Every structure is written in C-alpha cells, then in structure tokens.
Amino acid sequence: MSLSITVLGSSGMFATVERAASGYLLDINGARIWMDAGAGTWRKLLEYVDYPHLDGILLTHRHPDHTTDVFQAFHARAYWVDEPLPSIPLWAPQETVDSVESYVEGTEGCFDLHPIAEGQAIEVAGARLSFVRMAHPPVTLGVRIEEGDNVAAYSADTGPNADFRALASGADLFICEATLQDSDDQWAGHLSASQAAALACGVGAGRLLLTHLPPRRDLALSLAQAKETDAECDVQLAEDGLRVEVGA
Ligand SMILES: [Zn+2]
Ligand SMILES: [Zn+2]
C-alpha cells in the first residue's frame with residue numbers, strides 16, 4: 001500500500017523558465033494519476049510516466065494554469081500510438097468538463113469524462129478521494145486523498161473562506177497554494193504564504209508544501225513569512241520534481 005506525490009509544476013498563474021504551472025503526479029498503489037495539467041506539466045510528466053501508461057487525469061477547476069496541457073495528452077493518446085489505447089477517466093467539475101469539450105471535439109474516445117462535485121468521494125486504486133469546494137471563482141475542488149492511514153490534501157486555488165478542516169485535518173501532507181506575500185493586496189480567491197501556514201497548522205496538517213508560488217518573486221520571503229506564522233509548522237516550498245512519499 002503506497003501513496004506518493006511528485007510535483008510537476010509549482011508556479012502560480014503561469015509557467016516560468018524555472019517552474020511549470022500547476023500539476024502533480026499521484027502514484028496510488030501503482031496507479032498513475034495526473035492531477036492538474038498546467039502549462040509545462042506535460043513535459044515534466046513524461047519524465048516519470050510515458051503517456052500510454054497514464055491511468056487517469058483529475059482537474060480541480062477550469063482555469064488555464066491548471067488545464068491547458070491536458071490537450072497534449074489528448075493529441076498523444078488519440079493520434080500517436082501503435083495500437084488504440086483504452087480511454088482513461090478524466091475527473092473534473094462539470095464546468096471544467098464543458099470547457100475541455102468546447103476546446104476540442106472527440107475527446108470522448110480518449111477520456112471517460114466523469115463530472116465530480118463537492119461532497120463527493122470516489123475510489124481510485126484502493127484510495128478514497130474526496131472533494132471540497134474551495135473559495136475561488138470558478139467551481140474549484142480541493143482534493144483529500146486517503147490511502148489506508150496515509151492522508152494527503154491539495155488546496156487547488158483558494159482564498160481563506162473554505163472548509164480547510166474537511167480538506168486537510170490531520171493530513172500527513174498538505175499541498176497548499178501560496179500565491180501572495182504579506183505586502184500584496186489580498187485577493188479573495190488566493191492565499192498568502194502566511195495564511196497557508198496558519199490554516200495548515202490550524203487543522204493539524206503534519207507537513208505543508210507551499211505551491212502556486214508567485215512568479216518573479218523572492219520565494220525565500222514566502223517561506224520566511226510562512227515560518228514566522230507558526231514556527232512549529234513543518235513547511236517547505238514545492239519544487240518541480242520533488243517526490244513525497246505520503247506517511248513515510
Ligand atoms: Zn491557478
Ligand atoms: Zn484558478
């Protein structure tokens with residue numbers, strides 16, 4: 001029984017030279033699930049799993065910095081294989097499914113489209129994935145992953161007014177967005193690093209990984225502001241390529 005998460009992209013808003021936009025590779029008991037498909041994450045994904053062996057895709061919301069590379073998987077799996085590949089599940093909120101379908105035709109032979117909603121849970125390779133509505137303008141679902149006693153949570157994009165207890169209470173690993181720094185004008189739909197730290201520690205998350213990091217900023221400042229908020233918090237910056245064994 002195992003659960004690991006590899007960061008494919010950790011830049012907020014858009015990809016940079018150093019970092020891809022949002023994306024993660026879940027390995028759940030050997031099943032490879034691509035969670036969020038921001039720009040640059042397809043190339044990173046291919047370092048770890050070749051596209052015929054991808055087992056599913058999960059998109060948290062329709063914003064381009066979380067979705068655009070999904071069309072790379074569509075072109076590869078639909079048009080560039082020796083034998084036709086079975087379709088794979090694509091889980092996403094309904095409006096994200098609608099956005100994917102409006103962009104290209106014919107994805108149904110490639111992806112089994114499964115709309116997901118807040119409060120819903122699905123089983124993937126023996127793990128339970130449940131979805132929490134986050135505070136972000138389009139329908140946005142945070143993801144809680146429970147594999148045996150191992151628990152990971154991912155905030156997707158969010159402001160502070162969401163149910164972080166339902167999402168991340170007692171999580172071994174909480175991957176939380178930290179788009180802003182303390183001196184920024186606060187946005188209702190995003191968090192600062194210090195807010196992320198306070199929320200993570202408030203719900204008893206064991207380890208916090210700050211992600212959706214502000215492009216072209218001093219990220220050491222984000223980390224320092226998070227640590228100032230709660231010196232006890234085990235916090236670090238997400239890095240593209242970082243792999244975490246959850247609960248290990
Ligand atoms: Zn985003
Ligand atoms: Zn967003």
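What spacing do the donors of the zinc ion (ligand 1) follow along the chain? The donors, defined as N, O and S atoms within 2.8 Å of the metal (3.2 Å for Na, K and Ca), with water not among the atoms so that sites may look incomplete, follow the spacing D-H-x90-D-x54-H. The structure is a predicted model, in which local features need pLDDT of at least 70 and side-chain atom pairs count only at pLDDT 80 or more, whereas totals for chains, interfaces and linings use all residues. Residues are numbered from 1 along each chain as its sequence is written, chains are lettered from A and ligands numbered from 1 in the order in which they are written, and side-chain values use heavy atoms, with hydrogens and water left out.

The zinc ion (ligand 1) has as its protein donors Asp65 (OD), His66 (NE2), Asp157 (OD) and His212 (NE2), which lie 2.1 to 2.2 Å from the ion. The arrangement of these four donor atoms is irregular because they subtend angles of 91 to 161°. Under the criteria applied, four donors count as tetrahedral if all angles lie between 85 and 135 degrees; four count as square planar and six as octahedral if opposite donors are over 155 degrees apart and all others between 65 and 115; anything else is irregular. For reference, ideal angles at a metal are 109.5 degrees for four tetrahedral donors, and 90 or 180 degrees for six octahedral ones.

The zinc ion (ligand 1) is separated by 3.5 Å from the zinc ion (ligand 2), and Asp157 coordinates both. Asp65 is placed in the loop between strand 4 (56–58) and helix 2 (70–79), and Asp157 in the loop between strand 10 (150–154) and helix 4 (164–168), so the pair ties together parts that are 92 residues apart in sequence. Helices (H or I, at least four residues) and strands (E, at least two) are DSSP runs, numbered from the N terminus. Asp65 counts as buried at 11% relative accessibility, and Asp157 is likewise buried at 2%; buried means under 20% relative accessible area, exposed over 50%, and partly exposed in between (1.4 Å probe, protein chains only).

Coordination of the zinc ion (ligand 2) is provided by His61 (NE2), His63 (ND1), His136 (NE2) and Asp157 (OD), at 2.1 to 2.3 Å. Along the chain, the donors of the zinc ion (ligand 2) show the spacing H-x1-H-x72-H-x20-D. With angles of 90 to 162° subtended by its four donor atoms, the zinc ion (ligand 2) has an irregular arrangement. Distant parts of the chain are linked by the pair of His136, in the loop between strand 8 (127–133) and strand 9 (141–147), and Asp157, in the loop between strand 10 and helix 4, 21 residues apart. His136 is buried, its relative accessible area being 6%.

Two residues other than glycine adopt positive phi values. Ala156, which is not a glycine, has a positive phi of about 55°. Ala156 occupies the loop between strand 10 and helix 4 and is buried, with a relative accessible area of 1%. For His212, also a residue other than glycine, phi is positive and near 50°. His212 is situated in the loop between strand 12 (208–211) and helix 6 (219–229), and its relative accessible area of 1% makes this zinc donor buried.

On the surface, Met13, Phe14 and Trp187 form a nonpolar patch with about 310 Å² of accessible area together. Patches are made of residues with over 30% relative accessible area and no salt bridge, like charges being joined within 9 Å and nonpolar side chains (Val, Leu, Ile, Met, Phe, Trp, Tyr) within 5 Å. A salt bridge is a side-chain nitrogen of Lys or Arg within 4 Å of a carboxyl oxygen of Asp or Glu, and accessible areas come from the Shrake-Rupley method with a 1.4 Å probe, only the protein chains shown counting as cover for residues. Met13 belongs to the loop between strand 1 (3–9) and strand 2 (23–28) and is partly exposed, with a relative accessible area of 36%.

The count of disulfides, each a pair of cysteine sulfur atoms within 2.5 Å, comes to zero. Cys176 is buried at 0% relative accessibility, whereas Cys201 is partly exposed at 24%.
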